[in-house]
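Visitor: Please take me for a close look at a single part of this structure. Which residues line the largest cavity, and what is its volume?

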Amino acid sequence: DRLHGQPGHFRVVRCRRCGLIYLNPRPTPSAIGRYYPDDYRPYIAPVRAARKRVTRWDARYGLYKRLRVVSAHQATGRLLDVGCATGDFLAFAQESGWETHGVELVEPAAAYCRDVLGLHVVTGDLLDAAYPDAHFDAITLWNVFEHLYDPAATLQELRRIVKPGGWLVMAVPNPDSLDARLFGPAWAGYDVPRHLYTFPTPVLHDLLAREGFEVVDRRCVDSSHFIFFLSLRFWLLARPRCSRLVRWAERLEHSRPVRLLTAPYFRLVDALGKGPVVTVIARQEGGA
């Protein structure tokens with residue numbers, strides 16, 4: 001666990017037949033909670049609580065890029081965000097005219113969505129939320145699908161609750177990325193033991209097709225800068241001779257001049273579909 005330093009070593013394997021990458025063995029559902037501490041990034045201060053204006057602007061631009069992917073296929077309507085954390089994306093979508101709903105396992109994050117942001121968020125698992133059939137125009141999962149114990153069962157439920165012809169948008173780690181090749185086991189996209197699965201492109205497309213979704217597009221939307229330098233830190237930490245450089249890498253990660261200077265490279269990598277996170281846009285088959 002390079003991100004939070006929880007004890008233990010974890011084995012990642014690849015299926016020889018289909019190519020799926022997964023954790024084996026993996027923590028039980030009752031034990032996995034220990035690997036999501038209070039300072040786990042999605043549950044820390046939300047965008048609107050950031051002190052610096054430039055930080056808030058930067059984060060909102062990231063939310064805008066995500067919503068733009070959805071709106072390119074569905075202008076507005078009823079949207080569900082699965083694993084909505086502290087509700088930043090939901091709040092932004094609601095400001096843009098969407099009717100928003102969310103599901104979040106962690107009660108403090110879900111309570112923040114309801115009590116502070118006034119959002120419709122259910123605490124618990126998607127399968128327990130019991131939404132009506134054909135209820136949503138679009139459903140999003142931002143860096144959530146790789147955490148799920150039963151991705152196929154989740155897709156079956158998503159197909160039930162999305163409208164015919166409705167949209168599913170999910171962001172997942174991209175094992176076909178340049179970062180994954182460059183950093184190997186230190187690549188931040190593996191994030192053991194929280195990431196139970198890593199989906200190569202053909203595997204994910206086949207899984208979606210089997211569960212009734214047709215992939216219509218895939219693109220790299222999320223910032224590649226942060227994950228690159230996080231992977232660099234992990235790579236340095238694994239090499240005792242390089243440990244003194246870890247703080248240097250962390251400063252680079254948060255340096256705005258460095259971010260501006262490296263932006264052309266990361267934009268090119270994303271344009272080629274080789275960024276560390278890929279967003280897949282799929283449509284429920286059977287729609288017009």
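Guide: Gladly; we will start with the whole chain, then visit the cavity, and end at a pocket for contrast. What you see is a predicted model, in which local features need pLDDT of at least 70 and side-chain atom pairs count only at pLDDT 80 or more, while totals for chains, interfaces and linings use all residues. Residues are numbered from 1 along each chain as its sequence is written, and side-chain values use heavy atoms, with hydrogens and water left out.

The protein chain has ten helices and ten strands (DSSP runs numbered from the N terminus: H or I of at least four residues, E of at least two). Its C-alpha atoms fill a box of roughly 55 × 50 × 40 Å along the principal axes. The radius of gyration is 19 Å, which agrees with the value near 19 Å for a compact globule of 288 residues (taken over C-alpha atoms; the rule is 2.2 Å times the number of residues to the power 0.38). Of those 288 residues, 49% are buried (under 20% relative accessible area, 1.4 Å probe, protein chains only).

Now to your cavity. The structure holds one cavity of 30 Å³ or more, and the largest cavity has a volume of about 40 Å³. A cavity here is a set of points on a 1 Å grid over the protein atoms alone where a 1.4 Å probe fits but cannot get out, and lining residues have an atom within 4 Å of a point; points join across faces, edges and corners, and the volume is the space filled by probe spheres set on them.

Around the largest cavity you will find V172, P173, N174, P175, F199, T201, L204, H205, R218, V278 and V280. Two or more lining residues come from each of β7 (162-173), α7 (201-210) and β10 (277-284), and α7 provides the largest share, with three residues. By class, this lining has seven nonpolar, three polar and one charged residues (nonpolar: Ala, Val, Leu, Ile, Met, Phe, Trp, Tyr, Cys and Pro; charged: Asp, Glu, Lys and Arg; polar: the others, Gly among them).

For contrast, try the second largest pocket, with about 240 Å³ of space; a pocket is an open set with protein on both sides within 12 Å along at least five of seven lines. Its lining has 15 residues, with R2, V12, P185, Y190 and V192 nearest the centre. Strand β1 (residues 12-14) gives the largest share of that lining, three residues. The classes there are ten nonpolar, one polar and four charged residues.

How values were computed
Buried < 20%, exposed > 50% of the residue type's maximum accessible area, 1.4 Å probe, protein only.
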